[in-house]
Each structure stands twice: as C-alpha cells, then as structure tokens.
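The following exercises are to be worked with the sequence and the coordinates at hand. Each consists of a task and a stepwise solution.

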Amino acid sequence: MKVFVTGVAGQLGHDVMNELAKRGYEGIGTDLKPEYAGVQDGSSVTKAPYVSLDITDKDAVMKMVEEIHPDVIVHCAAWTAVDAAEDEDKKPLVQKINVDGTQNLADAAKAVDAKMVYISTDYVFNGLGTEPWDPDCKDYAPLNVYGQTKLGGELAVANTLEKYFIVRIAWVFGLNGKNFIKTMLNVGRTHDEVRVVSDQIGTPTYTLDLARLLVDMILTEKYGYYHATNEGGYISWYDFTKEIYRQAGLTTKVTPVTTKEYGLSKAARPFNSRLDKSKLVKAGFQPLPTWQDAVKRYLSALKDVKA
C-alpha cells in the first residue's frame, strides 16, 4: 500500500509517516518547504521519501498525485492558526489552503481512484449545549474563519469522493510542532500562577495515538464521518492544565477563569467541544487510550526529542 501524506512537517503528518513505516507501508510525505522541516529525531519520517508541494496549486497537485499514484491520500496539511485566520489580509489565504487545497487533493484522489482521509475539527459546530456532537450531525454553524474553512474542506471531500474518511479531532498535541502542552509547560516553568479557561469543554487528542487509528482506518472500506479524540472523559482546559502540571511535577498555581474573563482570543471558541466517538467502536476500530495516559507518554517522549 502506497500512502501520500500532506503536512508532514506538522504534528499529525509526522506521526502518520512514522506509523506507516512501522507497519511496513510505503509513505511519501509532502509539505511546502524544499526539504523536510520538523523534529530531527532519527524517526522514519526523516528518512522517508519527501516532495515539496503547494497544495493550492491545482495543476501541481494533479501532476504529483498522478505520478505517485497512491492508494490513499492522508490530508493533514491545513492553516491552523485560529486567531490569525480572522485577520482580513489572511482570510483569502486560509480559504485557499483549507478549502481550495483540499478540493485539489480530492480531485486528484478521484483521478487515481485513491481513498482519502481528511482531518477536520470540532470547530465546524457552533459549540453550544452540553451534548456530545454526533459525527453524522449536519447542524454546522462554525463560529470563526478557521471552522468555516475546515467545513468547506469537509464538503469538498464529501461532494467529490465516495471513498473518504472525514475524521474530526480536537485539542491536538504531538512531538512535532507547537501545542497547548508545550506552551503550558513553558509558562509553568517561568510563572508562579497561570489563568486558564474553565468553561470550554472537550477532550485532547495525542497525534501518536490518532496516527495508529488512521492507519487502521485506511486498511478498511468503512468510509464516512468519524470523531476521534482520546478517551478519559470530557474536561476543561483548566482540568487539562492541572493534570499536565501534576504529571510534570510543577507546582504552578492554576486559576480557573471564564472565556470572557480571559478575553485574549481574537476568534470565537466553542464552549462545547465534546465529540461522540461511539461510531468508532461500532465500526470495529480500537478507541484511543485515555488522555491521562497519553499525557504521561507524551511528557516522557518530550524528554528525548528536541524540536
């Protein structure tokens, strides 16, 4: 099986490439830079085939995919800077990457009859209420530009292909790149107290665990929409920070605040990021481990890697 992976310089793409190599599958990675840019940890991804590609260049995407002729495209590349996406001068680029770039890949996948995995987000919903969002729910109402463009990417895939997996995730952390855990560890080591939002509820996703699930998925034909975050219960960012510090041995005081009190974000955030993952089990997929266990393994892994 040959798999073309976009966004390999990011958290998830990096781990997907390594997971493919561990299982003996051929992975070809791509990102914008001329050469692979990411953690240089001796992992399989640093040794795997890499091609530079701008996914917003329709002709270049079609040419590359037709040359590689993959069995599967795993699309991890995206504009993910949520607040910056709200800037008027950035909006066209966010649209170009998240919607048009995804459409280009979907068209190419159709041309070579490849399966496609599209990584989406809880931000496609309005974040109201307390009930977990069902993966097949179509009550979309994204609150910000990032969510709107990720929804646009979902629709591009679903309206173009039949052989697709749309996998929504939330609160992502991995070794290769910036994330909430790395930020809070840095802040916790330099401050006596941190203020963290306590009224946004969801569940974290460790890219190492998610990568295993995605490779499991592409070996099947169980297409459709899925939600995939770690198990362990729904929590707030405040709860998450408390557990990070507990496991890291930091004594930094964590003070809960409301989103309104925090008041630093340019983009509106969903209060309810609970994602119903029961469809995974019904389809026969192994759920991700608990987020508490994921944090433990992640903190251990961080000690061995320098970004």
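**Exercise 1: A buried loop residue**

Asn 144 has a relative accessible area of 2% and is buried. The model under study is a predicted one.

Task: Determine where Asn 144 is placed and which residues it contacts beyond its neighbours within four places in sequence.

Solution.
1. Asn 144 belongs to the loop that runs between strand 5 and helix 4.
2. The cut-off for the buried class is under 20% relative accessible area; the 2% of Asn 144 therefore places this residue in that class.
3. A polar atom of the Asn 144 side chain lies 2.7 Å from the backbone nitrogen of Gly 147.
4. With neighbours within four places in sequence set aside, Asn 144 is in contact with Val 82, Glu 86, Tyr 123, Ala 267 and Ala 268.

**Exercise 2: The surroundings of strand 5**

Task: Establish how many residues of strand 5 are buried and in which sense strand 5 pairs with strand 4 and with strand 6.

Solution.
1. Strand 5 spans residues 115-121, and seven of the seven are buried, so the strand is largely enclosed by the rest of the structure.
2. Lys 115, Val 117, Ile 119 and Thr 121 point one way from the strand, while Met 116, Tyr 118 and Ser 120 point the other way.
3. Strand 4 (residues 72-75) pairs with strand 5 in the parallel sense over four bridges; strand 6 (residues 164-169) also pairs with strand 5 in the parallel sense, over six bridges.
4. Tyr 118 stands opposite His 75 and has Ile 166 as its bridge partner in strand 6.
5. Strand 4, helix 3 (residues 91-112) and strand 5 form a right-handed β-α-β unit. Strand 5, helix 4 (residues 145-160) and strand 6 likewise form a right-handed β-α-β unit.

**Exercise 3: Salt bridges of Asp 209**

Task: Identify the salt-bridge network to which Asp 209 belongs and state whether Asp 209 is buried or exposed.

Solution.
1. Side chains of opposite charge can pair when their charged atoms come close.
2. Asp 209 forms a salt bridge with Arg 212, with the closest N and O atoms 3.4 Å apart. Both residues lie in helix 6, three residues apart, about one turn of the helix.
3. Asp 209 also meets Arg 297 in a salt bridge (2.8 Å, N to O). This pair links distant parts of the chain, since Arg 297 lies in helix 10 (residues 291-302) and Asp 209 in helix 6, 88 residues apart.
4. Asp 209, Arg 212, Asp 293 and Arg 297 are linked in a network of salt bridges.
5. Asp 209 counts as buried at 3% relative accessibility, whereas Arg 212 is partly exposed at 33% and Arg 297 is partly exposed at 24%.

Terms used. Residues numbered from 1 in each chain as written. Predicted model: local features only at pLDDT ≥ 70, side-chain atom pairs only at ≥ 80, totals over all residues. Heavy atoms only, no water. Buried < 20%, exposed > 50% of the residue type's maximum accessible area, 1.4 Å probe, protein only. Helix = DSSP H or I, 4+ residues; strand = E, 2+ residues; numbered from the N terminus. Pairing = 2+ DSSP bridges. Right-handed = clockwise from strand over helix to strand, strands pointing away. Polar contact = N/O pair within 3.5 Å; in protein donor to acceptor, adjacent residues only side chain to side chain. Contact = heavy atoms within 4.5 Å. Salt bridge = Lys/Arg side-chain N within 4 Å of Asp/Glu carboxyl O.
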